[in-house]
Amino acid sequence: MNNISINKLPVPTWTWLKVNDYTVAVPDKFEKAQCEATNMPAEVKVGAVDFTSIALGDVELGAGEDFRRLSHKAKTGGASFTVPAGIKVNEPIRITYDYGKSGQETDETGKLSRTAIVLGEGSELTVIMTFKGCPSFGANDIRIKAAKTAKLTLVELFQLEEGSNFVDSIGGRYLEKGGLSLIQIKSGKGNMALSCCSDLDGYKSTLDIDTGYLVTGNDKLDINYIARHRGAKTDTKINVSGVLRDNADKTFRGTIDFIKGCKTATGDEREDVLLMDEGVHNNTVPLILCAEEDVEGAHGASIGKISDDILNYFASRGIPEDDVTELMAKSRIDAVAGRIPDEVTRSLLLTDD
């Protein structure tokens with residue numbers, strides 16, 4: 001096992017705060033994670049992944065360069081999904097990744113999935129990924145290229161088991177009026193690092209992120225989102241909402257980087273954190289970098305416990321405090337799940353007990 005540094009803050013702050021990066025122990029060998037596609041629209045071309053040949057090798061990954069080198073060295077293969085220009089795919093791709101049960105792999109072997117998504121000009125696609133299992137170390141590498149006016153909706157559902165360790169890293173480039181809508185829901189167990197880096201290269205390209213999480217026990221969640229605004233009138237919206245229970249530990253880094261030349265670009269990032277127990281540990285690190293004067297950026301965070309007024313209100317109607325906390329926690333996940341543009345997936349999440 002070797003340690004690598006991932007999810008680095010683009011501009012480091014005080015080291016004693018311990019929020020500049022996240023260190024994970026990774027194995028020397030990797031196998032390809034099992035995957036099953038339950039719905040594959042005919043309009044989508046499927047092939048073997050090759051990040052170099054499809055010009056995605058230079059895409060910046062949210063997890064950083066150490067993770068990029070790990071992924072290239074692993075050479076586990078994977079899948080590429082290509083949508084030709086002008087094609088708007090109505091049916092979503094639904095993929096389930098199985099990282100196996102605890103004990104199926106040794107500490108020297110991890111599991112990695114690699115995916116490339118390439119959208120032609122004017123195309124649209126929705127991809128829904130569900131991650132299951134209990135890997136001693138599992139990882140997911142997604143790289144995206146969207147041509148002019150191409151739109152991708154990517155939904156990731158993390159339903160891993162207790163004791164798992166997982167890294168999810170996304171990188172993408174978006175040309176004129178192209179964009180990514182990313183929905184991530186962490187409702188499972190285990191330690192997890194989520195990341196996404198988006199290069200908004202083109203005029204009016206967009207990034208929209210909605211994330212919901214529930215972290216319990218002694219689990220850790222580390223999130224790193226980076227939006228690189230290069231084109232004029234580009235726009236980023238990041239909304240993160242979650243619940244921490246028991247002794248959970250969570251760090252959120254959200255960076256909106258206004259690069260010189262991105263005139264009239266806009267960016268907004270928000271996080272709403274509900275702290276359920278005294279033993280939880282929360283870090284929220286919103287960051288706005290600005291090398292262009294004619295831009296608008298905003299950030300905010302709401303961090304706190306359930307108020308006594310709310311508890312008293314429910315108590316007066318015969319609802320005990322334990323049930324109130326469960327209702328509040330579930331409401332955070334349901335609010336994000338309700339935004340999933342696929343009725344099948346949305347129904348499964350909203351009816352899940």
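## Briefing: salt bridges, backbone and surface

With a relative accessibility of 13%, Arg 228 counts as buried, because the cut-off for that class is under 20% relative accessible area. The side chain of Arg 228 meets the side chain of Glu 60 in a salt bridge, with 2.9 Å from N to O. This pair links distant parts of the chain, given that Glu 60 sits in the loop between strand E5 (45–48) and helix H1 (65–74), while Arg 228 belongs to strand E16 (residues 220–229), 168 residues apart. Everything here refers to a predicted model, and the points below take up the overall fold, the salt bridges, the backbone and the surface charge.

**Overall fold**

- The protein chain contains 4 helices and 21 strands, and its radius of gyration is 20 Å, close to the 20 Å that the globule rule gives for 353 residues, so the chain is as compact as a globular protein of that length.
- The C-alpha trace of the protein chain spans about 60 × 55 × 45 Å along its principal axes.
- Of the 353 residues in the protein chain, 53% are buried.

**Salt bridges**

- Side chains of opposite charge can pair when their charged atoms come close.
- In this model the count comes to 20 salt bridges, among them the pair of Glu 60 and Arg 228.
- Whereas Arg 228 is buried, its partner Glu 60 is partly exposed, with a relative accessible area of 23%.
- A salt bridge also brings together the side chains of Asp 199 and Arg 173, at 3.8 Å from N to O; Asp 199 lies in strand E14 and Arg 173 in strand E12, so this pair ties together parts that are 26 residues apart in sequence.
- Asp 199 counts as buried, at 1% relative accessibility, while Arg 173 counts as partly exposed, at 24%.
- Both Asp 199 and Arg 173 belong to a network of salt bridges, in which they are linked with Asp 201 and Arg 230.
- The side chains of Lys 250 and Glu 271 form a salt bridge with 2.6 Å from N to O; because Lys 250 lies in strand E18 (residues 249–258) and Glu 271 in strand E19 (residues 266–275), the pair ties together parts that are 21 residues apart in sequence.
- Lys 250 counts as buried, at 0% relative accessibility, and Glu 271 likewise counts as buried, at 3%.

**Backbone and loops**

- Most residues other than glycine have a negative phi, and most peptide bonds are trans.
- Asn 7, a residue other than glycine, nevertheless has a positive phi, near 55°; it is found in the loop between strand E1 (2–6) and strand E2 (22–26).
- The relative accessible area of Asn 7 is 0%, and this residue is therefore buried.
- Lys 177 has a positive phi as well, of about 60°, although it is not a glycine, and its place is in the loop between strand E12 (165–174) and strand E13 (179–186).
- Lys 177 counts as partly exposed, with 37% relative accessibility, whereas Asn 7 is buried.
- Lys 189 has its place in the loop between E13 and strand E14 (191–200), and it is partly exposed, with a relative accessible area of 36%.
- Although Lys 189 and Ser 164 are 25 residues apart along the chain, their C-alpha atoms are separated by 7.2 Å.

**Surface charge**

- A patch of negative charge on the surface is formed where Asp 308, Asp 309, Glu 321, Asp 322 and Asp 323 gather; the elements that give two or more residues to this patch are helix H2 (308–315) and helix H3 (321–337).
- Helix H3 provides the largest share of the negative patch, with 3 residues.
- Asp 323, one of the residues in the patch, has its place in helix H3 and is partly exposed, with a relative accessible area of 40%.
- That accessibility of 40% fits the rule for patches, because a patch is made of residues with over 30% relative accessible area and no salt bridge.

Note on methods
Residues are numbered from 1 along each chain as its sequence is written. This is a predicted model: local features need pLDDT of at least 70, side-chain atom pairs count only at pLDDT 80 or more; totals for chains, interfaces and linings use all residues. Side-chain values use heavy atoms; hydrogens and water are left out. Patches are made of residues with over 30% relative accessible area and no salt bridge: like charges are joined within 9 Å, nonpolar side chains (Val, Leu, Ile, Met, Phe, Trp, Tyr) within 5 Å. Accessible areas come from the Shrake-Rupley method with a 1.4 Å probe; for residues, only the protein chains shown count as cover. A salt bridge is a side-chain nitrogen of Lys or Arg within 4 Å of a carboxyl oxygen of Asp or Glu. Lys and Arg count as positive and Asp and Glu as negative; His and the chain ends are not counted. The place of a charge is taken as NZ of Lys, CZ of Arg, CG of Asp or CD of Glu. Buried means under 20% relative accessible area, exposed over 50%, partly exposed in between (1.4 Å probe, protein chains only). The radius of gyration is taken over C-alpha atoms; the globule rule is 2.2 Å times the number of residues to the power 0.38.
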